[in-house]
Structures are given as C-alpha cells and as structure tokens.
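Work through the exercises below with the sequence and the model open. Each one sets a task and then solves it step by step.

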Amino acid sequence: ANVGPGFTHLSHSPVVPEPGEPVTITASAEDSDGVAALTLSYSQNGGSYASVPMTASLVAGTFTAEIPGFSAASVVRFHVSATDAAGSPATSFFPAEGASSHALYQVNDGLAAGNGLHNIRIVMDPADKALLYQTNNLMSNGRIGCTVIYDEREVYYNAGVRLKSSQRGRPVASRVGFNLLFND
C-alpha cells in the first residue's frame, strides 16, 4: 500500500575525478508522505559498502552527499536509498537495484586520449570485468552491467556490455570490440 519515494535525478560530479578528489552525489526524490531521509552508500573496487546521510540542498527535493577521494583508477559503485515519512515508512533505491546496481565512476587513470577524438569509458566493477573476459564467458552474448561515460561528461548508469568479435578474435584483446545496451 505504501511505496517508497520516487526519484527523478541521480548524478555525480566531477564525472571523472582526479586522484584524491571527492565526488558529490546529487539525487532528487519526492513522496506524497514526505521524504524523511536519504542515504548514500558507496563501495570502492568491490569492497564493503560505507554509508553517509544526504543533506537537503537549496533546490526543493534535491539532496547531496560527498564520497571521499580515492587513488587513480579506483572504481566506485554507489546507490541512494530514500525513506518516506509515513507512519509505516517505506524505502526505495536509486538505481532500483540498490547495491546490485551499476551506478559507477572511475577515478582518472590517465588513459583518456587527448587527441581530439571522442572518448568512451566503460566502467565496470572489478569482479564484473573479470567475468567479461573469463574464458568460459568470452563467447557469451549476455550483457554485464556497467556505466558508460562519453567524452568525460555524459553519464549513462546501468548500461550493459558484452564483447563483440569473431570466435577467434574474442580471446585477443586487440581484436575485441564492445556491444553496449542503454536504458530507455
């Protein structure tokens, strides 16, 4: 009878942080019973989650929290939980999968080409990346969760990726492409 708050926005800034630079997470949530609290949970390189409360910003319904800076190439997974102010409170997550979601960012690893061409980062949890290249998964057409960052500024959370190449090409990194699936 009571669902948790609904979300309309989730972002992180800077999109590709420098080593040691903190990242601000912003989320917008609303509920007809009112929003009692938002919590940001994050995990570095597949480790255990840490949680911090989010604070209301000057824009109604918008909340922010900060993730501390990490070392170069660290992958951070995060999600937000929101609880409404009803007598029997309900909690919801954004992205909806909560701890299993693929809202990720990677601390600048220095690999982005500065040659004027477009850049696409496919950010994956280390365990998911290992699975993608695992020998018995190389020929799979099943997609694994990721975040895609285009030109270091546009972010697409909860995308899916699989390898694309011939049977002989998939085991050779230089002969592999990627097939991406984006949310509607």
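**Exercise 1. Find the contacts of Asn137 and its degree of burial.**

Step 1. Leaving out residues up to four places away in sequence, Asn137 touches Leu131, Leu132 and Ile144; contact means heavy atoms within 4.5 Å. The model is predicted: local features need pLDDT of at least 70, side-chain atom pairs count only at pLDDT 80 or more, and totals for chains, interfaces and linings use all residues. Residues are numbered from 1 along each chain as its sequence is written, and side-chain values use heavy atoms, with hydrogens and water left out.

Step 2. Place the residue. Asn137 lies in the loop between H1 and strand E11 (144-150). Helices (H or I, at least four residues) and strands (E, at least two) are DSSP runs, numbered from the N terminus.

Step 3. Classify the residue. Asn137 has a relative accessible area of 15%, so it is buried. The classes are buried under 20% relative accessible area, exposed over 50% and partly exposed in between, with a 1.4 Å probe and protein chains only.

**Exercise 2. Describe the nonpolar cores.**

Step 1. A nonpolar core is a set of buried Ala, Val, Leu, Ile, Met, Phe, Trp, Tyr and Cys residues joined through side-chain atoms within 4.5 Å. The largest one has 22 residues, and Ile25, Leu38, Met54, Ile67, Phe78 and Val80 touch the most other members.

Step 2. Assign the core to strands. At least two residues come from each of E1 (6-13), E2 (23-30), E3 (35-44), E6 (62-67) and E7 (75-84).

Step 3. Take Ile67 as a case. Beyond four places in sequence, Ile67 touches Pro22, Val23, Ile25, Leu40, Tyr42, Val76, Phe78 and Tyr105.

Step 4. Look for another core. A second, separate one has 10 residues, including Met124, Leu132, Ile144 and Val176.

Step 5. Relate this to the general tendency. In soluble globular proteins, nonpolar side chains tend to be buried together.

**Exercise 3. Trace the salt bridges of Arg77 and Arg121.**

Step 1. Apply the criterion: a side-chain nitrogen of Lys or Arg within 4 Å of a carboxyl oxygen of Asp or Glu. The whole structure has five salt bridges.

Step 2. Start with Asp125 and Arg77, whose closest N and O atoms are 3.4 Å apart. Asp125 is in the loop between E10 and H1, while Arg77 is in strand E7, 48 residues apart. Asp125 is buried at 9% relative accessible area, and Arg77 is buried at 10%.

Step 3. Add the next partner. Arg77 also forms a salt bridge with Asp128 (3.6 Å, N to O); Asp128 is in helix H1, 51 residues from Arg77. Arg77, Asp125 and Asp128 are thus linked in a network of salt bridges.

Step 4. Turn to Arg121, which pairs with Glu152 at 2.9 Å, N to O. Arg121 lies in strand E10 and Glu152 in the loop between E11 and strand E12 (154-164), so the salt bridge ties together parts 31 residues apart in sequence. Arg121 counts as buried at 8% relative accessibility, whereas Glu152, at 26%, counts as partly exposed.

**Exercise 4. Identify what supplies the lining of the largest pocket.**

Step 1. On a 1 Å grid over the protein atoms alone, a pocket is an open set of points where a 1.4 Å probe fits, with protein on both sides within 12 Å along at least five of seven lines; lining residues have an atom within 4 Å of a point.

Step 2. The lining has 17 residues, with Gln106, Asp109, Arg121, Ile122 and Lys129 nearest the centre.

Step 3. Helix H1 gives the most to this lining, with four residues.
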